[in-house]
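Thanks for coming. I will talk through one model today, starting with a ligand and then moving to charge pairs, backbone geometry and cysteines.

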Amino acid sequence: MTKSKPILSASTNPKDYCIATMGSHSALQILKGARDEGVRNLVICKKGTERPYKSYGVADEMLLVDDWSEWNESLEEELIRRNAILIPHGSFVAYLGPERVMKTQAMYYGTKEILKWESDRSLERQWLEKAGIQMPRLFKKPEDIDRPVIVKFHGAQGGFGYFIAKTSEQFYEVKNRKYPDQNEYALQEYIVGVPLYVHYFYSSITKELEIMSFDKRYESNADSIGRIRAEDQLAANIFTSYTIVGNIPVVVRESMLPKFFEMGENVVAESRHLKVGNGLFGPFCLECIVTRKLQIFVFEISARIVAGTNPFVEGSPYTALRYSEPMSTGRRIARDIKQAIEQGRLDEILG
Ligand code: AMP
Ligand code: AMP
């Protein structure tokens with residue numbers, strides 16, 4: 001059997017392509033964004049999870065799989081046959097794993113190799129620190145803990161399984177009791193401040209960096225503990241956890257904006273030195289904690305669309321300033337793709 005090959009930059013008509021994504025995370029927004037830009041779309045759903053994509057009527061086409069393990073050559077052949085451009089998001093990477101994502105054959109929006117830099121905590125730190133970004137201190141071993149730390153197990157998804165420890169004794173007590181088999185973790189200084197997620201978009205077509213929006217997360221049970229008295233918290237022996245449940249829009253103090261622009265620009269500029277394809281472009285997010293002295297600590301980077309952009313399907317206060325039509329991050333991606341196709345520059349945005 002001869003494999004169908006992606007047309008790549010052969011056609012400069014966006015109608016010859018389709019924007020495809022996995023049904024979860026930020027798919028609704030991505031699909032609607034494609035449609036708003038007049039590009040066909042396709043969603044791949046695990047059977048039983050297709051209802052939202054039908055109910056909201058945002059998908060032109062739907063492919064169903066029994067399980068994500070069916071993300072195989074024949075599914076990819078289908079995508080290639082349809083000239084689909086895949087948009088990666090958090091669930092895509094979480095369900096397929098970075099290795100399988102690296103092997104995808106269909107057209108892929110973004111730089112795949114950057115996944116290695118964002119998923120490896122020490123590479124990520126190298127990149128961000130070189131970009132002049134302030135990060136929480138990292139402790140090499142539990143015995144070094146001399147202040148509150150947040151313990152992050154590798155592969156923990158959606159903040160589930162994080163816990164706080166103030167001493168090595170406390171660390172071992174919780175770890176051995178609740179996570180006896182998990183031995184890979186990061187011990188990060190716990191920064192007291194408010195979490196803030198900055199949603200950027202850098203277009204390698206227009207060469208401009210935009211701040212699309214900001215969010216904070218709604219996490220269980222970190223966001224519920226304050227609802228009961230400290231004494232009751234102690235009595236109930238509650239441990240803080242950070243399971244993501246939803247996202248809440250934020251507008252920041254305007255005088256902080258210049259700093260956020262500078263941080264985003266430096267991270268994009270530094271990505272050019274990582275020697276990975278065309279570096280960082282498209283949507284990305286700096287996950288910050290802002291302290292009472294307005295110091296900004298970045299504890300993580302997501303080099304793709306984050307679900308915190310979901311409240312802004314109709315655009316954010318920031319995109320309303322720049323665009324005369326509703327501009328979600330999903331739609332901004334579709335516009336980037338459309339412009340690249342029309343200008344015969346598709347190869348510049350595929351990884
Ligand atoms: P899900 O498809 O909802 O099971 O999500 C898969 C992964 O994507 C989660 O483990 C999270 O890491 C991430 N994720 C999903 N939804 C959100 C959200 N609303 N905010 C932040 N991260 C999310
Ligand atoms: P993550 O799943 O890595 O996005 O983190 C989940 C949550 O943990 C964040 O929303 C923050 O509330 C919290 N968090 C992560 N790292 C730190 C840190 N170094 N200091 C304080 N809070 C943190």
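A term before the ligand: a polar contact here is a pair of N or O atoms within 3.5 Å. Please also keep in mind that this is a predicted model.

With that cut-off, take ligand 2. A nitrogen atom of ligand 2 sits 2.9 Å from an N or O atom in the side chain of Lys152, so the pair falls within the 3.5 Å limit for a polar contact. At Ile191 the backbone is involved: one of its N or O atoms lies 2.9 Å from a nitrogen atom of ligand 2. At Glu219 we are back to a side chain, with an N or O atom 2.6 Å from an oxygen atom of the ligand. As for cover, ligand 2 has 490 Å² of accessible area on its own, and the protein covers 97% of that.

Who is in the shell? There are 18 residues around ligand 2, and those that come nearest are Lys152, Gln188, Ile191, Tyr197 and Glu219. By type, the shell divides into 10 nonpolar, six charged and two polar residues. Several strands supply at least two shell residues each: S7 (149-153), S9 (185-189), S10 (194-203), S11 (208-221), S13 (282-290) and S14.

Strand S11 also brings in a backbone point. Asn221 lies in S11, and a cis peptide bond joins Ser220 to Asn221, with omega at about 5°. For background, most peptide bonds are trans, and most residues other than glycine have a negative phi.

On that second count, there are two residues to look at. Asn83 is not a glycine, yet its phi is positive, near 60°. Asn83 is found in the loop between helix H3 and strand S4 (84-86), and at 3% relative accessibility it counts as buried. Leu294 is also not a glycine and has a positive phi of about 60°. Leu294 lies in the loop between S13 and S14. Is Leu294 buried or exposed? Neither, strictly: at 38% relative accessibility, Leu294 counts as partly exposed.

Now the charge pairs. Side chains of opposite charge can pair when their charged atoms come close. How many salt bridges does the structure hold? The count is 29, and I will go through three of them.

The first on my list is Arg335 with Glu37, where the closest N and O atoms are 3.0 Å apart. Arg335 is in helix H11 (residues 329-342), while Glu37 is in the loop between helix H1 (27-36) and strand S2 (40-46), so this pair ties together parts that are 298 residues apart in sequence. Both Arg335 and Glu37 are buried. They also belong to a network of salt bridges that links Glu37, Glu325, Arg331, Arg335 and Lys338.

Next, Arg304 and Glu118, with their closest N and O atoms 2.7 Å apart. What does this pair tie together? Arg304 lies in the loop between strand S14 (296-302) and helix H10 (317-322), and Glu118 lies in helix H5 (residues 114-119), so the parts being joined are 186 residues apart in sequence. Arg304 counts as buried at 15% relative accessibility. Glu118 is buried too, with a relative accessible area of 10%.

The last pair is a local one in sequence: Arg81 and Glu78 are three residues apart in helix H3 (residues 73-81), separated by about one helical turn. Their closest N and O atoms are 3.3 Å apart. Arg81 is exposed, with a relative accessible area of 55%, whereas Glu78 is partly exposed, at 26%.

Finally, the cysteines. The structure holds zero disulfides. Cys18 is in no disulfide, and the nearest cysteine sulfur, that of Cys45, is 13 Å away. Cys18 is buried at 1% relative accessibility. Cys285 is in no disulfide either; there the nearest cysteine sulfur belongs to Cys288, at 7.4 Å. A disulfide needs the two sulfur atoms within 2.5 Å, so a distance of 7.4 Å does not qualify. Cys285 is buried, with a relative accessible area of 0%.

That is the end of my list.

Key
Residues numbered from 1 in each chain as written. Chains lettered and ligands numbered in written order. Predicted model: local features only at pLDDT ≥ 70, side-chain atom pairs only at ≥ 80, totals over all residues. Heavy atoms only, no water. Salt bridge = Lys/Arg side-chain N within 4 Å of Asp/Glu carboxyl O. Helix = DSSP H or I, 4+ residues; strand = E, 2+ residues; numbered from the N terminus. Buried < 20%, exposed > 50% of the residue type's maximum accessible area, 1.4 Å probe, protein only. Near = heavy atom within 4 Å. Polar contact = N/O pair within 3.5 Å; in protein donor to acceptor, adjacent residues only side chain to side chain. Areas by Shrake-Rupley, 256 points an atom, 1.4 Å probe, with all protein chains shown as cover. Nonpolar A, V, L, I, M, F, W, Y, C, P; charged D, E, K, R; others polar.
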